[in-house]
Structure formats: C-alpha cells, structure tokens
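Please look at the structure shown here and follow how a few neighbouring strands are arranged, and how one side chain is placed among them.

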Amino acid sequence: MLLAVDQRDAYANLLLPALLDERGISGRDAALATELTYGTLRHRGTYDAILETCVDRTLASVDTKVLPLLRLGAHQLLSTKIPPHAAVSATVDLARKAVGHHRSRFVNAVLRKVGARDLEAWTQIVAPPPEHDLIGHLSVVHSHPRWVVDELARALGEHTEKGLPRTEELLIAHNQRPKVTLVAKPGRSTVADLVAAGAEKARHSPFAAHLPSGDPAGICEVRQNRAAVQDEASQLVTLASTRVDVHGKDTLWLDMCAGPGGKAGLLASLAGQRGARLLAAELQPARARLVAGAVHRAPRDAGRTIVADGTVPAWRPAVFDRVLVDAPCTGLGALRRRPEARWRRDPESVVELAPLQHDLLVNAVEAVRPGGVVAYVTCSPHVDETDAIVRKVLTERADLELLRAPDHLDHVPDLAAGPQGEYVQFWPHLHGTDAMFLALLRRTAR
C-alpha cells in the first residue's frame, strides 16, 4: 500500500479497501493493516526527521522500496503498542522478502537505533525549539510540510509573533482518525434508518450519521444506494446551496464538477423532492460513471449525468437556477482522510490550480441566469484557493452579489470566515469535519 502511494500516486482511502478485500483480510487484521497504513502516512514527516539521524546518508538516497519499510517500522516502534522486538523482527522479515537479505540488515540496524528512544524523546531531539522556529517545530512534531503549516496559520488568521494555538489544534486534528460519516439520501432513506442499522446521529447535518465501527457496505441502505459515505461538511455546503433563495423559478440545477458524485447524489435527491432537475457534469468518463451511480433512482428521477468540461460548457449560458462548482483543489481540507495529500502537494500546486478554479467559477456564473445562485466550494482552506478566487471574479464582473453564506447554516457555530464573515469555512478541530469552504454568489440583472 505504501509503495502504491509513493510510486503510483494512489489514494489510500480508495485503494486500501480494495486491497484488503483482494487479500481476504478482515476483522482485527484489517484494523491493524489500516492503522499501519494511515499511521505511517500521517506521521511520515516526523518519522523522516528521526530516520535522518539514524542513517549514514540522506533519506533521498535510500532505496525507494526500503524507505517505506523504515517508516512502517518506525510507526510500529514509536506510535503503537506492538512490542519493540516484534516490530523490528516483523519489519526485517518483510524487508528480507521485499528487498533481499543485504538491505534487510540495513533496515534492522536503522530500526534498532529508532527503538532506542520513545517518540517524545526523539521529537525533542529532531524538532527545532518553538521559541526559535515555531513553524518548523510544529511541522516536525505534527508531521506537516512547513509550507502547509504556514498556509493553515494564514487561513486561521494567526501569526507566529502571537503564537499559533488554533493552528496546532488543527494539525493535531489532522492526525486523528476521522469518523466514518454516512448520508441518508432524502426521499430514499432517513437518519433513523441508519441509526437502526447501528450508526449514531451526527451533530449538524440533518442527513448525517456516524458509523462507530464496521464496514459501511454492511448497511443495506448503503448497498442499495439509498445512503452513502459522505463527510458532514460536504453535506452541509450542498444543503446551503439549496437553501438560499433564487429570484423566480427554481427548476434546473447544475453540478459542474460532479465527480465522484457525493454532492451530486445529495443534490439530485433534494432536487427531486422539490420538483427540480439536476444536470451533473464530470470531465473524466470513469468519474462520470460514479456520478451516474450516485444520482441513480433519485426521487422523480431528477438526476442526469453527462461527460463535459466545465471550462468549455456543453450547455447554453444563463439557463440554470442554481449552480454548484466544487472546484479541483489541493485537498488540504481533507488531510484526516487523505494524509498522503500533504506530501504530494507543494506551493506550486496552488499556483497551477488557480487559473482553473477562476475559469470554472467564471463559467459557473455564465451558466446561471440573473437572479440565480452560484455556490463555489473547495475542500481546501488555503486563502489563494478560496477568498482570492472569489475576490478576483467579483472585481471582474459587475453582475455579482456576494451573499452571506453562514446565514444559510445558522445552526452550525463558528463557521464565518472572510473579511466580513461572508464565507463558510468548516474546520476539523472545531466541527469534526473536513475543512470545506463555501461562497455563495447571486447573479444580478446588471
């Protein structure tokens, strides 16, 4: 699994369930495999700083098949209850099979050095003192790239001169195991159905329930596509996009970047209940097939899926009453569920994505009629992917009104973000959700 993440850019949350099923691993063994995978990915930055002191070369020069073994062994030694001799022995045995006897001796030597201290003692050695380099300290202790810590602090409005307590809370939350959250698709199932199947009602979304343990596929509502796995913040930004009033008719909705279909599935159900129709567009055919499955059998058959590029619209302008654009982003808001994303992205990723995010929002505005509403969503709190994109489009157009998004989720505390609190920003450490961003814009007649 770790090799697939490193070498093929695989996403652990997508590949791991399939790999466990393929290998016939279940129960406690599956739980251990999941902990080893996610724990190693989450704490990779800390382990790498420790490993740097335990090898006689740079980590960059360590064999690409050996390095994941070292991280895996470090995780067992420093962050689990596995006895040290068992952690070293099991990892060395695996190394012997995977990379040969000679390199397994290297793995053995390094891990014995790692096991000489506990995690607290190691972090005191390898992390810069906070009084000298607070960003660097938090980066090593909480295993995030330095630039990510910088940008999260910026998004939270904190500065190193005054300390970064909220930033540290957020970093800690990123390294905690997230709850499995389900969505009961309106008109097809209810939260009560999910609770009866063993889930627990969630705090904020009227459609959400948390699954304390077990496989979501074991719930019949999920198997029958009447419910699905979806983060609570994703449910709530989708709900907010349907709560704001549109001027005039409200019958045709567009989800412009619909893959893999979570928000589209909920939107189609809400549209069907209100006598509206949803067009879900997705550029990638494989993801479009997932979208089609998500909207299948929505109330009144309200959902339709097409393969289309939101930057080259396949529809006439100014025809939709509501448009949701869940723009491709760095994914820094989903680091609890996709810990590997923090190691995959860099500051250039933000620069590269910004033109696409801008063009998608402009085309979303063109697609909505005067009086209609656009919801701009990202699973990232990075200011250059959120406020900067919205502000740029607002300065370019005279026919847009920025609405106060938190007013449409007024039952959820601590959501307001932006200079005047006009945006919604969810946070893992405050809401127990992904860090989802929402801006609502109305197209005016000007």
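## Strand β5 beside strand β8

In this predicted model, Leu254 stands opposite Val323, a residue of strand β8. The pairing to which these strands belong is parallel, and three bridges hold β5 (residues 252-255) and β8 (residues 320-326) in register with one another.

The side chains of β5 point in two directions: Leu252 and Leu254 point one way, while Trp253 and Asp255 point the other way, and all of them are buried.

## Strand β5 beside strand β6

β5 also pairs with strand β6, which covers residues 277-282; these two strands run parallel and are joined by four bridges. Within β6, Arg277 is the bridge partner of Leu252. Between the two strands the chain passes through helix α15 (residues 262-273), and the resulting β-α-β crossover is right-handed.

## Arg322 in strand β8

Is Arg322, a residue of strand β8, buried or exposed? Its relative accessible area is 7%, and because buried means under 20%, Arg322 counts as buried.

The side chain of Arg322 makes a polar contact with the side chain of Asp250, at 3.0 Å, and a polar atom of the same Arg322 side chain lies 2.7 Å from the backbone oxygen of Val244. Leaving aside residues up to four places away in sequence, Arg322 touches a set of residues that includes Leu252, Trp253 and Leu254, and among the others are Ser241, Thr242, Arg274, Val368 and Val373. Leu252, Trp253 and Leu254 are residues of β5, so that strand β5 meets Arg322 through these contacts.

Definitions and conventions. Residues are numbered from 1 along each chain as its sequence is written. This is a predicted model: local features need pLDDT of at least 70, side-chain atom pairs count only at pLDDT 80 or more; totals for chains, interfaces and linings use all residues. Side-chain values use heavy atoms; hydrogens and water are left out. Buried means under 20% relative accessible area, exposed over 50%, partly exposed in between (1.4 Å probe, protein chains only). Two strands pair if DSSP finds at least two bridges between them. A crossover is right-handed if, with the strands pointing away from the viewer, the path from the first strand over the helix to the second runs clockwise. A polar contact is a pair of N or O atoms within 3.5 Å; within protein, one must be able to donate a hydrogen and the other to accept it, and residues adjacent in sequence count only if both atoms are side-chain atoms. Contact means heavy atoms within 4.5 Å.
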